[in-house]
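Colleague: Got a minute to go through this one with me? I'd like to talk about the charged side chains.

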Amino acid sequence: MRRPQLDIQLKSPDQIEKMRAAGLVVAEALRRMREAVAPGISTADLDAIAESTIREAGAVPSFKGYHGYPASICSSVNEQVVHAIPAPTQVLKDGDLISIDCGAVLDGWHGDAAITVGVGDVDPALLKMAAVAEDAMWAGIAAAARGAASGRGRLTDISHAVEDAVRRGGRYGIVDGYGGHGIGTEMHQDPHVLNHGRPGKGPRLVPGMALAIEPMITMGSPRTVELADGWTVVTRDGSMAVHVEHSMALLPDGVWVLTAPDGGRARLGDLVTARQPATTSPTS
């Protein structure tokens, strides 16, 4: 079933269960990559970890081959915001900040998530920026859950919550032109989810919606440029950037963060659906 105008795909609870399975594959790949991040490892090494993890689970990397993209992850280091291509020549060093974006498709359903990780001894100001982005992401997810529960929520309530959390966290640039999206049988679906804006606009937040919420913020200007490879997006002023993301779905009794091992329980408490157990065993 699809909502008109924006062609928003609404999922049944059983379809959301399938998306959860894909989300857990992504979560495990990100967990393994987080553990591997260290000075001396290349972004190509991380890509190999992701691909092997995804394929071991019987899934397929959703990024690889997407509009010609050549890898299983996007590995954006320092001033790179999103979509940077892994390479054996890009070796992480002490003090770097890397954002790793990963997607998998399992039984026709997609999961998509991103983390930002410090490499070795990192400037505390950079780690704070990453924490602010993560808090903003969770604020957006919570706004979606509350909006759906009340029956009055609108899409830009998420955008506003993300922006408000970033502004409260410090003086950061909120990258424009890039944001979250619907997700399901395709990796990118309607609607586009901005990381800024006034609340109360756009389609209603209703059960069955599945969205990827992904703040991208910078230490300087929010303006970006795309490099000659046709993929890598960097800050125009060379300032450091971070990117985090979770895929989530709205159910009649709450939200399910499909790419979080605990379904979002630790950050969202009772906003999480009863389909996600109150306790969960580790994914590995």
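Modeller: Sure. One term up front: exposed means over 50% relative accessible area, buried means under 20%, and partly exposed is in between. By that cut-off Glu56 is exposed, because its relative accessible area is 58%. Keep in mind that this is a predicted model.

Colleague: OK, which residue does Glu56 meet in a salt bridge?

Modeller: Arg32, with N to O at 3.2 Å. Arg32 sits in helix H1 and Glu56 in helix H2 (residues 43-56), so the pair ties together parts that are 24 residues apart in sequence. Arg32 itself counts as partly exposed, at 30% relative accessibility.

Colleague: And which residues are joined with those two into one network?

Modeller: Glu28, Arg31 and Glu35 join Arg32 and Glu56 there, through salt bridges that share partners.

Colleague: How many salt bridges turn up in the whole structure?

Modeller: The search finds 11. One of them links Arg55 and Glu51, at 2.8 Å from N to O. Those two are 4 residues apart in helix H2, so about one helical turn separates them.

Colleague: Is Glu51 buried or exposed?

Modeller: Buried, at 17% relative accessibility, while Arg55 is partly exposed at 43%. Asp96 is buried too, with a relative accessible area of 4%, and Asp96 forms a salt bridge with Lys93, the closest N and O atoms being 3.1 Å apart.

Colleague: Switching to H1: what span should its 24 residues have?

Modeller: At 1.5 Å a residue they should span 34 Å, and the end C-alpha atoms are 35 Å apart, which agrees. Buried residues in H1 include Ile16, Met19, Leu30 and Met33. Glu28 and Arg20 are also among them.

Key:
Residues are numbered from 1 along each chain as its sequence is written. This is a predicted model: local features need pLDDT of at least 70, side-chain atom pairs count only at pLDDT 80 or more; totals for chains, interfaces and linings use all residues. Side-chain values use heavy atoms; hydrogens and water are left out. The expected span of a helix is 1.5 Å times one less than its number of residues. Buried means under 20% relative accessible area, exposed over 50%, partly exposed in between (1.4 Å probe, protein chains only). A salt bridge is a side-chain nitrogen of Lys or Arg within 4 Å of a carboxyl oxygen of Asp or Glu.
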